[in-house]
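Colleague: I would like to learn how to read a model of this kind, feature by feature. Where should we start?

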Amino acid sequence: MDAPRFPDAVEAAHERLFPLIRRTPIEPALTFARDGQHVWLKLECNQYTRSFKVRGALNRLRTLAPEAAARGVVTASTGNHGLAVTFAMSRTGIGGVIYLPETADDAKVAKLKARGAVLAFHGQDAVETERFARAEAERTGATYVSPYNDPEVVA
């Protein structure tokens with residue numbers, strides 16, 4: 001079977017996500033306009049998690065097969081992606097763990113905890129943490145939710 005065309009995947013993601021996220025405004029960035037060119041800002045700061053990351057995380061979790069959803073998800077994050085996956089888990093009922101570096105910012109950790117995230121800590125930096133989280137997903141049968149390297153997250 002051929003992989004879906006990317007425009008089709010984006011349209012499917014839109015249909016999947018539309019009822020679950022905020023429609024954020026697009027505003028002109030007048031101070032950046034040059035030589036008749038216009039710059040527009042998509043104000044994802046108005047999104048539930050205050051970033052665009054919620055779109056990818058929610059789409060990924062909503063596309064999991066029931067048996068994969070039952071095994072849960074694992075991700076690694078230092079902030080916005082972890083918030084997005086936490087939000088997606090709360091909206092889908094899928095469980096999971098957010099791995100953070102042991103050096104994670106206290107304010108970010110507090111924000112994740114306040115949103116009900118199940119947290120675990122490993123490593124001194126994001127690369128070490130991601131490597132460990134991927135191995136944990138493999139070991140447990142959970143789905144690893146990448147913040148950047150997953151077609152459903154990108155769509």
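Colleague: Let us start with one strand position: which residue stands opposite Phe121 in E5?

Modeller: Leu100 stands opposite Phe121. Keep in mind that this is a predicted model. The two strands concerned, E4 and E5, run parallel and are joined by 3 bridges.

Colleague: What is the order of the strands in the sheet?

Modeller: To read a sheet, list its strands by neighbour and then look at the direction of pairing. Here the open sheet has 4 strands in the order E5-E4-E3-E6, and the pairing is parallel. Strand E5 (119-121) and E6 stand at the edges; each has a single partner strand, so one side of each has no neighbour in the sheet.

Colleague: How many helices and strands does the chain have?

Modeller: There are 7 helices and 6 strands. Read from the N terminus, the elements run α-β-β-α-α-β-α-β-α-β-α-β-α. The C-alpha atoms fill a box of roughly 55 × 45 × 25 Å along the principal axes.

Colleague: What share of the contacts joins residues 24 or more positions apart?

Modeller: That share is 54%, taken over the contacts in the chain with a separation of 6 or more. For burial, look at the share of buried residues, which is 40% of the 155 residues in the chain. The accessible surface comes to about 9,300 Å², and carbon and sulfur atoms account for 54% of that surface.

Colleague: Now the side chains. How many aromatic pairs does the structure hold?

Modeller: It holds 2 aromatic pairs. For a ring pair, read the distance between centres and then the angle between planes. Tyr48 and Phe87 are stacked, with 5.3 Å from centre to centre and 20 degrees between the planes. Tyr48 lies in the loop between strand E2 (40-42) and helix H2 (53-62), while Phe87 belongs to helix H4 (residues 80-92), so the pair ties together parts 39 residues apart in sequence.

Colleague: Is Phe87 buried or exposed?

Modeller: Phe87 is buried, because its relative accessible area is 7% and the cut-off for buried is under 20%. Tyr48, at 30% relative accessibility, counts as partly exposed.

Colleague: And the other pair: at what angle do the planes of Tyr99 and Phe132 stand?

Modeller: The planes stand at 70 degrees, with the ring centres 5.6 Å apart, so this pair is edge-to-face. It links distant parts of the chain, with Tyr99 in strand E4 (residues 96-100) and Phe132 in helix H6 (residues 126-140), 33 residues apart. Tyr99 is buried, at a relative accessible area of 9%, whereas Phe132 is partly exposed at 27% relative accessibility.

Colleague: Charged groups can also be read against rings. Which residue lies over the face of Tyr48?

Modeller: Arg91 does, at 5.7 Å from the ring centre. Tyr48 therefore has two entries in our reading: the stacked pair with Phe87 and the arginine over its face.

Colleague: Let us finish with an acidic residue. Where is Asp150 found?

Modeller: Asp150 is in the loop between strand E6 (143-144) and helix H7 (151-154). At 10% relative accessibility, Asp150 counts as buried. For a polar side chain, check next which atoms lie around it. A polar atom of the Asp150 side chain lies 2.8 Å from the backbone nitrogen of Glu152.

Colleague: How far apart are the C-alpha atoms of Asp150 and Arg60?

Modeller: They are separated by 8.2 Å, although the two residues are 90 residues apart along the chain.

Methods:
Residues are numbered from 1 along each chain as its sequence is written. This is a predicted model: local features need pLDDT of at least 70, side-chain atom pairs count only at pLDDT 80 or more; totals for chains, interfaces and linings use all residues. Side-chain values use heavy atoms; hydrogens and water are left out. Rings of Phe, Tyr and Trp (its six-membered ring) pair if their centres lie within 6.5 Å; planes under 30 degrees apart count as stacked, over 60 as edge-to-face and the rest as tilted. Buried means under 20% relative accessible area, exposed over 50%, partly exposed in between (1.4 Å probe, protein chains only). A charge sits over a ring if NZ of Lys or CZ of Arg is within 6 Å of the ring centre and within 35 degrees of the ring normal. A polar contact is a pair of N or O atoms within 3.5 Å; within protein, one must be able to donate a hydrogen and the other to accept it, and residues adjacent in sequence count only if both atoms are side-chain atoms. Contact means heavy atoms within 4.5 Å. Accessible areas come from the Shrake-Rupley method with a 1.4 Å probe; for residues, only the protein chains shown count as cover. Two strands pair if DSSP finds at least two bridges between them.
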